[in-house]
Amino acid sequence: MASGDPSRHLGTIGPVRATLLPFSPPSIGDEEIDEVASTLRGEWLTTGPRTQRFERELATLVGAEAGLAVSSGTAAMQVALAAAGIGPGDEVITTTMTFCATAHVIHHAGARPVIVDVEPDTLNIDPDAVARAITPRTRAIMPVHLHGHPAEMDALLDLAGAHDLTVIEDAAHALPASYRGRMVGSIGPLCAFSFYATKNLTTGEGGMLTGERELVEAARPWTRHGIDRDRQAAAGKKDSWWYDVVLPGFKCNMSDIMAAIGLRQIEKLEAFHARRTAIAQAYTEALGGVAQFQVPTERPHVRSAWHIYALRLHLDRLRIDRARFIEELRQRHISASVHFIPLHRMRFYAEEYGLEPDGYPVAEREAERLVSLPLHPLLTDTDVADVIEATLDVARCFGH
Ligand SMILES: *Cc1c(COP(=O)(O)O)cnc(C)c1O
């Protein structure tokens with residue numbers, strides 16, 4: 001790789017494109033807009049027929065017995081923990097390589113998040129680290145399918161079975177993904193998806209819990225104040241004003257306006273995924289042989305949802321750090337990001353739970369060299385070529 005005065009190279013090459021390429025804009029079309037408009041012209045805005053259809057269609061798509069649509073991926077995890085009866089005195093094991101919401105919901109349940117290290121190739125929760133972290137107080141494991149690559153569910157479900165634990169998956173990145181031929185969403189007992197604006201399928205904000213019918217239905221009253229209108233109906237009475245409150249539920253149901261977007265997004269999901277996969281392949285082909293880069297792996301028994309393309313820098317082959325690498329991409333008009341700064345590095349978790357970097361040798365080594373490249377279905381072939389050119393150019397300018 002050429003080295004030398006970086007400013008000279010920059011001056012020569014400059015931005016690879018006229019405008020900044022956004023990192024992950026929403027992929028919304030007239031179909032979603034029209035469906036929202038007809039919802040607004042109709043009679044039902046909050047949880048109603050469109051939400052029910054969205055629950056059925058998404059559950060069917062992932063092969064789950066049932067789905068429960070909620071206001072966010074965070075809420076899906078929250079009601080799952082509540083329905084599982086997890087609270088003070090309990091421990092829940094999760095990964096340091098995740099967004100803070102995964103651990104926040106455990107903390108808010110009153111339980112202790114036990115945050116463990118990851119596997120070096122996928123950066124998913126390490127089943128051996130989980131095994132070492134199990135105590136008599138452990139109630140659940142919360143794996144995260146990081147970047148869309150499924151965690152090692154066989155090993156995790158075996159551990160759960162042996163120690164009588166539940167498994168609640170954070171599948172915010174993992175639609176559609178599969179593990180040994182089974183779709184994420186129907187592998188473990190409960191699985192939480194996010195439909196945040198940047199996710200593979202969006203409803204603006206939104207989420208869904210999928211899994212075994214009995215467990216999903218146990219979570220349902222937790223989404224609407226714990227209100228029960230059915231008992232009286234079952235008794236043959238039907239006063240429309242009557243309800244009982246059977247548990248201290250949250251308020252996190254999905255509206256039909258959100259579900260309207262989701263119903264139209266589902267129709268596009270396979271095409272979105274094909275495009276994401278093709279872009280990931282193009283990045284890997286172009287960057288895989290370059291000394292400055294390590295490209296993401298896909299284990300042979302999984303199909304990744306390719307939510308995030310996480311390139312890793314070989315910092316010993318570069319004269320700049322990760323922050324500067326991202327800044328150099330930006331100067332070339334390519335947005336990049338980081339997924340994630342590990343949780344044990346966040347002040348709240350480090351202080352509240354006494355987490356030390358020593359406990360996370362793999363995450364410590366790998367997280368500081370992560371760079372997420374733009375990956376979304378709206379990228380044109382020219383955009384993809386621009387990302388590749390800019391990334392190679394930064395390596396050319398600053399590599400050795
Ligand atoms: C986006 C995300 C969440 C939270 O989802 P929301 O719908 O924003 O609540 C949780 N975990 C991970 C890994 C995420 O990326």
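**Helix packing, ligand shell and unusual backbone geometry**

Helix 4 crosses helix 5 in a right-handed manner in this predicted model. The two elements, spanning residues 73-83 and residues 101-108 respectively, pack at an angle of about 35°, and their axes are 9 Å apart. On the side of helix 4, the contact is built from Thr74, Met77, Gln78 and Leu81. Helix 5 answers with Ala101, Thr102, Val105, Ile106 and His108. Sorted by class, this contact brings together 5 nonpolar and 4 polar residues, with no charged residues taking part.

Helix 4 is also a good place to begin a tour of the ligand site. With 3 residues, this helix supplies the largest share of the shell around the ligand. The shell has 16 residues, of which Gly73, Thr74, Asp170, Ser194 and Lys199 come nearest to the ligand. Its make-up by class is 8 polar, 6 nonpolar and 2 charged residues.

Several polar atoms of the protein can be paired with oxygen atoms of the ligand. At Gly73, a polar atom of the backbone is 2.8 Å from a ligand oxygen. Thr74, a residue that also belongs to the contact of helix 4 with helix 5, places an N or O atom of its side chain 2.5 Å from an oxygen atom of the ligand. For Ser194, the distance between a polar side-chain atom and a ligand oxygen is 2.7 Å. Taken on its own, the ligand has 380 Å² of accessible area, and the protein covers 91% of this.

Away from these helices, the backbone offers a few details that reward a closer look. Leu175 and Pro176 are joined by a cis peptide bond, with omega near -10°. Pro176 sits in the loop that runs between strand 5 (166-170) and strand 6 (178-179). The Asp170 that comes among the nearest residues to the ligand is also the final residue in the range given for strand 5.

Beyond strand 6, the loop leading to strand 7 (182-183) holds Arg180. This residue has a positive phi of about 45°, although Arg180 is not a glycine.

Another cis peptide bond is found between His339 and Phe340, where omega is about 5°. Here the setting is a loop between two helices: Phe340 lies between helix 11 (322-331) and helix 12 (347-352).

Methods. Residues are numbered from 1 along each chain as its sequence is written. This is a predicted model: local features need pLDDT of at least 70, side-chain atom pairs count only at pLDDT 80 or more; totals for chains, interfaces and linings use all residues. Side-chain values use heavy atoms; hydrogens and water are left out. Axes are lines fitted to C-alpha atoms, for helices over the stretch in contact, and angles run from 0 to 180 degrees between N-to-C directions. Helices (H or I, at least four residues) and strands (E, at least two) are DSSP runs, numbered from the N terminus. A crossing is left-handed if the near helix is turned anticlockwise from the far one by less than a right angle, and right-handed if clockwise. Contact means heavy atoms within 4.5 Å. Ala, Val, Leu, Ile, Met, Phe, Trp, Tyr, Cys and Pro count as nonpolar, Asp, Glu, Lys and Arg as charged, and the others, Gly among them, as polar. A residue is near a molecule or strand if one of its heavy atoms lies within 4 Å of it. A polar contact is a pair of N or O atoms within 3.5 Å; within protein, one must be able to donate a hydrogen and the other to accept it, and residues adjacent in sequence count only if both atoms are side-chain atoms. Accessible areas come from the Shrake-Rupley method with a 1.4 Å probe; for residues, only the protein chains shown count as cover.
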